[in-house]
Amino acid sequence: MRHHGSEPAGDEGGGLRAVGRARRARRCPLRHVPRGRDRVRLHDAAEPARAPPRGRRRDQHGRRGAAGRAPHGRVRGAEGRVPLVGLHHPRDPGARPRGGRAGPESDRHGARRGRGGARARAPASAGRRRRARPHTPVHARRRGPPRRVPRPRERDLCDFCTWGARRRWTSVKKSEGVLLRVEDVSVWFGGVRALSGVTLDAPAGEVTGLIGPNGAGKTTLFDVVTGLQPPGEGRVLLEDADVTATAPHTRSRLGIARTFQRLEVFGTLSVAENVLVAAEMRRGWSRERLDARAVAREAVERVGLSEVADVRVDRLPTGRTRLVELARALATRPRLLLLDEPSSGLTEVETLGLAQLLQLLRELAASGLGVLLVEHDMSLVMGASDRVHVLELGRVIATGTPADVQADEGVRAAYLGDRRLSAPARAVRAPAPEAAPVLELRDVRAAYGPIEVLHGVSLSVPAREVTALLGPNGAGKSTTMKVAAGRLVPTGGDLLLCGRRVNGVGADVLARAGVRSVPEGRGVFPNLTVVEHLRMATHAGTRFTDIEERAFGRFPRLRERRSQVVGTLSGGEQQMLAVARVLSTDPALLLLDEISMGLAPVLVDELYEAVRQAADEGVSILIVEQFAAEVLALADRAAIMLNGRVQRVGSPAEIADELASAYLAGAAG
Ligand SMILES: Nc1ncnc2c1ncn2[C@@H]1O[C@H](COP(=O)(O)OP(=O)(O)OP(=O)(O)O)[C@@H](O)[C@H]1O
Ligand SMILES: [Mg+2]
C-alpha cells in the first residue's frame, strides 16, 4: 500500500511534478483528509492528474490495462484533461486498442477510475472537485507503511496519526505522565452493571494494583482496556490518545499486553513455542530487526521456565501455565502490562518466584513499563504496588498507597475481612472414633499415556477429619485427587473406600456413594446456567430446593446470578458455584482441589469456615491448597507430596516445620 503521493506516471514535465510535490507536502502522507486550511482540491484544471496505483487493475472483461473501454464507448476516466488523440482503436474511434497498454501519453487515470459508469460519463469539467478519500486511521490499517518510505514530517500528519506515527517511527519513547487513563467507563451486561463510571489511571513506571471482591468488575475493566469489551460509556486513553474504538490487535501493537484469568494458551504447543508466537508477532509489526527466538528465550528465562521450555503446555500445572502467559506478554515488549491474577494456582515456591518476577517488573517499571495488577494474594499485591485501586460492584471505592488501602474501613469490610489480622479460629473437637479410613490409597501408581506421574502413593483420609495434601506444583497432588474421585484409573496399587477396593469403578459410582469433588479448574459447564448446575447436583439424591437453599445461603451472589450462563460469570463466581454444588449435597467424602483459587480473601475465610463446619458435621475431607499456612490451621493431619510420592505424614505443626525444606527439595529436584 502506498501512502505517499505518487509521481505522475506520464512525463508531464518537471513543472507539474513540482506542483504535485508541493501539494503532497501539504497532505497527510497517510492519505488522510488534510487538516484544516491545508485542505486542497486534489484535482483541478491546473493540476496534474494523480498517477495510477502500482498494480494495474483488470477491466470488466478481465483485460489488464490502465484504461479500458467504457460501456458507452468512451475512454474511461480521462475526463477530458489528457489528450487522447491517436489512441483510439481504428474500428472504434472512441476506444483504445483492446488490451493495449497505457502509453506514456495515454490516460493515466483509467486504472484508477476505470470502474465506471457514472464517473466515466460525467462531463469533463475543469475545476471539478474530486471527493476526498475517506479517513483511514493508522490503527485501522492492515499493515504498517511500506519500506523505503521516508518518515513523514509531523506537521503533515492528521491529529490522530501524529501519535501513531510517532510511535512507529521512533522506537524508544519515554512516556511522561499517565500511560493509561480510564475515564467514566460503564459496562452493562443486560441488567448487570459490571462497571459504573470507573475512572482510574496507571502511570508509566509504576505497578498499580487493582483489587476487589469477586464480580467487582476487574476482569471486565481489563477487557475494556484491551478492546475485547467495548464500554457502554466512557473512554480509554493511552498516552492521551483515545483508543476506545481501537481494535484489540492494534492496541497490542501500541504496547498493551495482558495475561488472562482463564488461561488462554496453546495447549499442544511447548512453552517456548507459545512464547515464540508472541515474539514473532512483535517482530512482524515492529519493523525492528529482532531475533524472535532470542526474545522468546529471554522471556522464558525471565519467568523461570527454562527447564520446561520444551514441555507441552497442557502437561504443566496451572500455576506454571500462568507463567507461560506472562512470558508471552513480555515477549511482545509491552509498555503497559495487565496481569489478571498471575499468582493464582501457584504454590509457595512459585509464588516466591513470582514475587521475584514482580521485583523484576518493578525494575522494568523504573525504565518506563506500566503494570496493572489484579490479584487476590494480598502479600503480592501490597508488596509490589505503588498505588492500589479498589473496585466494588463496579465502582472505585478507594485509591491510595497499599498502607492507606489496608487501613480503609470500607475496604476491609468489603474485601479484606479480618483474616490477615488473626489466625482462623479452630474448633476444639472430640477425637475421631477409631474406624477404617474413609479413603485409602495403597501404593497407587498413575500415568498420563506413557508418562507415570504417581510412583506409589500411600495415603489415608480418616473419618471426620480434614487431611491437607501439600507440595510444590507438579508434585502429583491433582493427579492423586483425580484417582481418588475415580476420574483416573490407577495403573497399579489399590484405591479403597471404607475398606472396599474400588479401582476403576468410575466417577459416577463413587459420586453416588458420597464422594464429591471440586476439581482443579472448577469443572463447570460454561453453557449452563447457575440453576441448571444446581439441578444437576440432585443426582446424588438431595432435593433441589434444599440444594438451592444451602447454595444461595452460603453464596448470596449466586442467587443474583441464578439465570446467568456460567461461562459469563466472573472467575470467583464460578469457583463459588463449584464449591456450593458439592457442599450442598450431603457428601461423605469431599475432595477439594484449590478451592480458594481466584477468591477474594474475605470469601476464602468464609469458605474455610464452611469446610471446617462440614468436617465437624462428620464429613471426611482431603484438601489441596495453595495457601499452606491457612490450610494447616484448619487441618487435622497433613501430608507432603514430592515427585509423585507422599514423603511425610504428620500433624499440622510437624508438617509446618518441615514444609520449607521439603518445598525447596522439590524445587531443586
Ligand atoms: N458476558 C457477560 N454477561 C453477563 N454478565 C457478565 C459477563 N461478563 C461479566 N459479567 C458479570 O460482570 C460482573 C463482573 O465480572 P468480572 O469478571 O469483571 O469480575 P472480577 O472482578 O474479575 O471478579 P473475580 O475476582 O471473581 O475474577 C460479574 O458479576 C459477572 O457475572
Ligand atoms: Mg476476574
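# Exercises on a ligand shell and a metal site

Among the 21 residues around ligand 1, those that come nearest are Thr-219, Thr-220, Gln-261, Gly-572 and Glu-573, where a residue is near a molecule if one of its heavy atoms lies within 4 Å of it. The structure is a predicted model, in which local features need pLDDT of at least 70 and side-chain atom pairs count only at pLDDT 80 or more, while totals for chains, interfaces and linings use all residues. Residues are numbered from 1 along each chain as its sequence is written, chains are lettered from A and ligands numbered from 1 in the order in which they are written, and side-chain values use heavy atoms, with hydrogens and water left out.

## Exercise 1

Describe the shell around ligand 1 by residue class and by the helices that supply it.

*Solution.* Start with the classes: the shell divides into four nonpolar, twelve polar and five charged residues, with Ala, Val, Leu, Ile, Met, Phe, Trp, Tyr, Cys and Pro counted as nonpolar, Asp, Glu, Lys and Arg as charged, and the others, Gly among them, as polar. Turn next to the helices: at least two residues of the shell come from each of helix 5 (218-226) and helix 19 (571-583), helices being DSSP runs of H or I with at least four residues, and strands runs of E with at least two, numbered from the N terminus.

## Exercise 2

Find the polar contacts of ligand 1 with Ala-216, His-376 and Gly-572, and state how much of the ligand the protein buries.

*Solution.* A polar contact is a pair of N or O atoms within 3.5 Å. For Gly-572, a polar backbone atom is 2.7 Å from an oxygen atom of ligand 1; for His-376, an N or O atom of the side chain is 3.1 Å from a ligand oxygen; and for Ala-216, a backbone N or O atom lies 3.2 Å from one. Taken alone, ligand 1 exposes 640 Å², of which the protein buries 89%, the areas coming from the Shrake-Rupley method with a 1.4 Å probe.

## Exercise 3

Identify the protein donors of the magnesium ion (ligand 2), and explain which parts of the chain they tie together.

*Solution.* The donors are OG1 of Thr-219 and OE1 of Gln-261, lying 2.0 to 2.1 Å from the ion; donors are N, O and S atoms within 2.8 Å of the metal (3.2 Å for Na, K and Ca), and sites may look incomplete because water is not among the atoms. Thr-219 lies in helix 5 and Gln-261 in the loop between strand 6 (256-258) and helix 7 (271-286), so the pair ties together parts that are 42 residues apart in sequence. Thr-219 is partly exposed at 25% relative accessibility, whereas Gln-261 is buried at 13%, given that buried means under 20% relative accessible area, exposed over 50%, and partly exposed in between (1.4 Å probe, protein chains only).

## Exercise 4

Assess how far helix 5 and helix 19 are covered, and check the span of helix 19.

*Solution.* In helix 5, seven of the nine residues are buried, including Leu-221, Phe-222 and Val-225, and the helix is followed by Gly-227, whose phi is positive, near 90 degrees. In helix 19, 13 of 13 residues are buried. The expected span is 1.5 Å times one less than the number of residues, so the 13 residues of helix 19 should span 18 Å, which agrees with the 19 Å between its end C-alpha atoms.

Conventions
Polar contact = N/O pair within 3.5 Å; in protein donor to acceptor, adjacent residues only side chain to side chain.
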